[in-house]
Each structure stands twice: as C-alpha cells, then as structure tokens.
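Visitor: I have a chain here that I would like to go through point by point. Please keep the answers short and end each one on what I asked for.

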Amino acid sequence: MMSKPRVAFFDFTGCEGCQLQVVNLEADLLGILDHIDIVSFREAMKEHSDNYDIAFVEGSITRRSDESRLKAIRKNTSTLIALGSCAAIGGINCLKNFFELDYVRETVYGEKATSYETYAARPLKAVVPVDYEIPGCPISRNEFIYVLKSLLLGKKPEIPNYPVCVECKLAGNVCAFERGMPCLGPITRAGCGAACIREGGACWGCRGLVDEPNTDSQREILAKYGLDLTDIFRKFRLYNGYSEVAK
Ligand code: SF4
Ligand code: SF4
Ligand code: SF4
C-alpha cells in the first residue's frame with residue numbers, strides 16, 4: 001500500500017486564525033485524516049517530525065532570524081503552501097512598514113524594545129519560492145479543503161483570478177459605493193463569496209490583488225462616487241501594504 005502524504009503546519013507572525021480554521025474543520029478533518037498523516041501541527045498536537053511532503057505555512061516573516069527557519073522548511077518539503085494573507089501577501093503585519101521600526105518596537109515593547117528583533121514584514125515568497133497560496137484573513141475552510149484535495153489528486157489548485165465584484169454582483173448585493181462605503185472589490189481576488197458585502201460592509205482587500213488588477217476600473221468607480229485613490233489607500237494598506245500599489 002502506498003504511504004500517505006505527510007503534512008506539516010508551521011507558523012510565523014500572525015494571529016494563528018488560519019490554523020484555527022483548519023482545526024475547526026472537525027468532521028471534515030476526520031475524513032481528511034484517512035488520506036494524509038499530519039506530522040507537525042503545533043496548534044493541535046505535541047508530536048513533531050521534519051519528514052514531510054506538504055508544508056502549510058501561516059504568518060508573515062518579520063525578523064531576519066525567521067528566514068533560516070523558513071528556508072529549512074522549504075528544503076524539507078516538496079510543496080510549500082502559504083496559508084492565509086499574512087503568509088501569502090504580507091497581510092496586516094505590513095502596516096508596521098509605514099512607520100519607523102524603532103517607533104514600532106517601542107510602542108509594542110516599551111523599555112524592552114531593544115531586546116526584540118524586527119524588520120519590515122513581508123510575505124513568504126519574498127524569502128523562498130512558494131508553490132501555492134491560500135489567501136484570506138482568515139482562510140476559507142472550503143478553499144483549504146479544495147487545495148488539499150487537489151494536491152492529493154495530483155492536480156494544480158486554481159484559486160479565483162477575477163475580482164470580488166463578480167461574486168458580489170452575481171449574489172445581487174447592493175453595491176457598497178451606493179451605501180456610501182468605498183470598496184476594494186474591483187481589484188481584490190474573489191473566492192470569499194463577497195462575504196463582507198453580504199454582511200452589509202465593504203471589501204477591505206483581505207484576499208489580495210487579482211494578478212492583473214484593473215486599477216483604471218477602480219479609479220473610474222471612485223471618480224463616479226466623487227472619490228480618488230487617496231480615499232482608498234489607507235484601506236488598501238490594511239492587508240496589502242507589501243504590494244507595490246500601496247507604496
Ligand atoms: S491571515 Fe489573518 S487570520 Fe490568518 S494568521 Fe494572518 S491575521 Fe490571522
Ligand atoms: S465595488 Fe464592492 S460592493 Fe460594489 S459590486 Fe464591487 S465588490 Fe460589490
Ligand atoms: S469581501 Fe474582501 S475583505 Fe471581505 S472576505 Fe472577501 S476579500 Fe476579504
């Protein structure tokens with residue numbers, strides 16, 4: 001009998017909410033465990049092994065010393081997947097990149113500031129090659145299952161590469177702009193089912209940009225509602241501060 005793929009989970013800087021989404025799969029997870037062996041998952045078990053085939057890595061890289069650990073994971077695995085927006089696009093941790101790092105350290109650690117190492121936050125792909133990304137803050141459980149199943153079947157997982165507006169309009173939502181809220185849906189990667197708009201809010205861009213964001217379209221929509229890019233930059237930087245578009 002063929003041995004089951006060995007799967008490991010790792011985390012860097014993040015809130016661990018994406019790993020929690022995996023733990024919360026509960027009933028589905030039991031079925032998944034018939035097909036994989038989880039050999040490392042600090043949030044869920046004590047055991048650890050450096051022998052794995054698939055590594056899911058959560059969190060951004062925020063210290064120079066993180067790099068060697070990430071490179072060791074990359075060396076150990078044939079497939080590395082960035083789990084969540086901190087890992088895939090830098091995410092919320094990159095907000096600190098818009099401040100002086102000494103100021104950030106002092107704000108967080110006070111008089112102990114110099115005891116803690118830090119550098120500009122970045123996604124995993126800024127340090128090592130990443131095979132696949134599961135975006136979202138947090139990830140969607142269904143998308144995690146889809147990606148894992150695709151890998152087990154030897155297929156390339158396809159994450160949507162069209163904007164949230166597509167899902168939003170199909171769902172028949174009233175556009176956030178009509179409700180007086182700027183929305184990043186025109187340039188943000190779909191896959192969440194326009195979750196925030198469905199709940200009466202607007203998109204903050206947590207799934208990152210589509211590969212070729214139509215910034216002209218975003219500009220046109222902003223202009224239509226009497227807004228310009230400065231009205232949306234602060235919002236954009238919440239998750240996408242590492243992106244060139246935010247600089
Ligand atoms: S992407 Fe969001 S939910 Fe996931 S670890 Fe980062 S902050 Fe937490
Ligand atoms: S701009 Fe936002 S609210 Fe309007 S259609 Fe696009 S995703 Fe929906
Ligand atoms: S609507 Fe935007 S902010 Fe909300 S979950 Fe989807 S991508 Fe993230």
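Visitor: Is glutamate 26 buried or exposed?
Guide: In this predicted model, glutamate 26 sits in the loop between α1 and α2 (27-32). Glutamate 26 has a positive phi of about 40° although it is not a glycine. A residue counts as exposed with 12 or fewer other C-beta atoms within 10 Å. Glutamate 26 has 8 of them, so it is exposed.

Visitor: And alanine 194, buried or exposed?
Guide: Alanine 194 also has a positive phi, of about 55°, and is not a glycine. Its place is the loop between α7 and α8. The cut-off for buried is 20 or more other C-beta atoms within 10 Å. Alanine 194 has 25, so it is buried.

Visitor: Which residues surround ligand 3?
Guide: By class, the shell has 9 nonpolar, 2 polar and 1 charged residues. Helix α8 (residues 195-198) gives the most to this shell, with 3 residues. The full list around ligand 3 is Val164, Thr188, Cys192, Ala194, Ala195, Cys196, Ile197, Cys203, Trp204, Gly205, Cys206 and Arg207.

Visitor: Which helix gives the largest share of the shell around ligand 2?
Guide: There are 15 residues around ligand 2, and Cys165, Cys168, Cys175, Cys183 and Gly185 come nearest. This shell divides into 12 nonpolar, 2 polar and 1 charged residues. The largest share is 4 residues, and it comes from helix α7 (residues 164-170).

Visitor: Which elements give two or more residues to the shell around ligand 1?
Guide: Ligand 1 is surrounded by 14 residues, the closest being Gly14, Gly17, Gly84, Cys86 and Cys137. The elements that give two or more residues to this shell are α1 (17-23) and α4 (85-89).

Visitor: How does that shell divide by class?
Guide: Glycine counts as polar and cysteine as nonpolar in this division. On that basis the shell around ligand 1 has 6 nonpolar, 6 polar and 2 charged residues.

Visitor: Cys137 is followed by a proline; what is the peptide bond between cysteine 137 and proline 138?
Guide: Proline 138 lies in the loop between β5 (132-134) and α6. The bond from cysteine 137 to proline 138 has omega near 0°, and is cis.

Visitor: Which element gives the most to the side of domain 1 that touches domain 2?
Guide: The chain is divided into domain 1 (6-152) and domain 2 (164-246). Their contact takes 17 residues from domain 1 and 13 residues from domain 2. On the domain 1 side, 3 residues come from the element that gives the most, α4.

Visitor: How far apart are the C-alpha centres of domain 1 and domain 2?
Guide: The two domains are in contact, with 17 residues from domain 1 and 13 from domain 2 taking part. The C-alpha centres of domain 1 and domain 2 lie apart by 25 Å.

Visitor: Where does the largest nonpolar core lie with respect to the domains?
Guide: This core has 37 residues, and those with the most contacts inside it are Ala55, Val57, Ile81, Ala82, Leu83, Ala87 and Ile134. At least two residues each come from β1 (6-11), α1, β3 (54-58), β4 (79-83), α4 and α6 (141-152). Domain 1 (6-152) and domain 2 (164-246) both give residues to the core, so it lies between them.

Visitor: What is valine 57 in contact with, leaving aside its neighbours within four places in sequence?
Guide: Valine 57 is one of the residues with the most contacts inside the largest nonpolar core. Beyond those sequence neighbours, its contacts are Phe10, Ile73, Leu80, Ala82, Leu83, Ala87 and Leu124.

Visitor: How many residues are in the other core?
Guide: The other core lies apart from the largest one, and its members include Cys165, Ala190, Ala202 and Leu209. Its residues number 16.

Visitor: What radius of gyration does the chain have?
Guide: The C-alpha trace spans about 60 × 50 × 25 Å along its principal axes. A compact globule of 247 residues would have a radius of gyration near 18 Å. The value for the chain agrees with that, at 19 Å.

How values were computed
Residues are numbered from 1 along each chain as its sequence is written. Chains are lettered from A and ligands numbered from 1 in the order in which they are written. This is a predicted model: local features need pLDDT of at least 70, side-chain atom pairs count only at pLDDT 80 or more; totals for chains, interfaces and linings use all residues. A residue is near a molecule or strand if its C-beta atom, placed from the backbone, lies within 6 Å of it. Domain bounds come from an automatic or database domain assignment. Two residues are in contact if their C-beta atoms, placed from the backbone, lie within 7 Å. A nonpolar core is a set of buried Ala, Val, Leu, Ile, Met, Phe, Trp, Tyr and Cys residues joined through C-beta atoms within 7 Å. The radius of gyration is taken over C-alpha atoms; the globule rule is 2.2 Å times the number of residues to the power 0.38.
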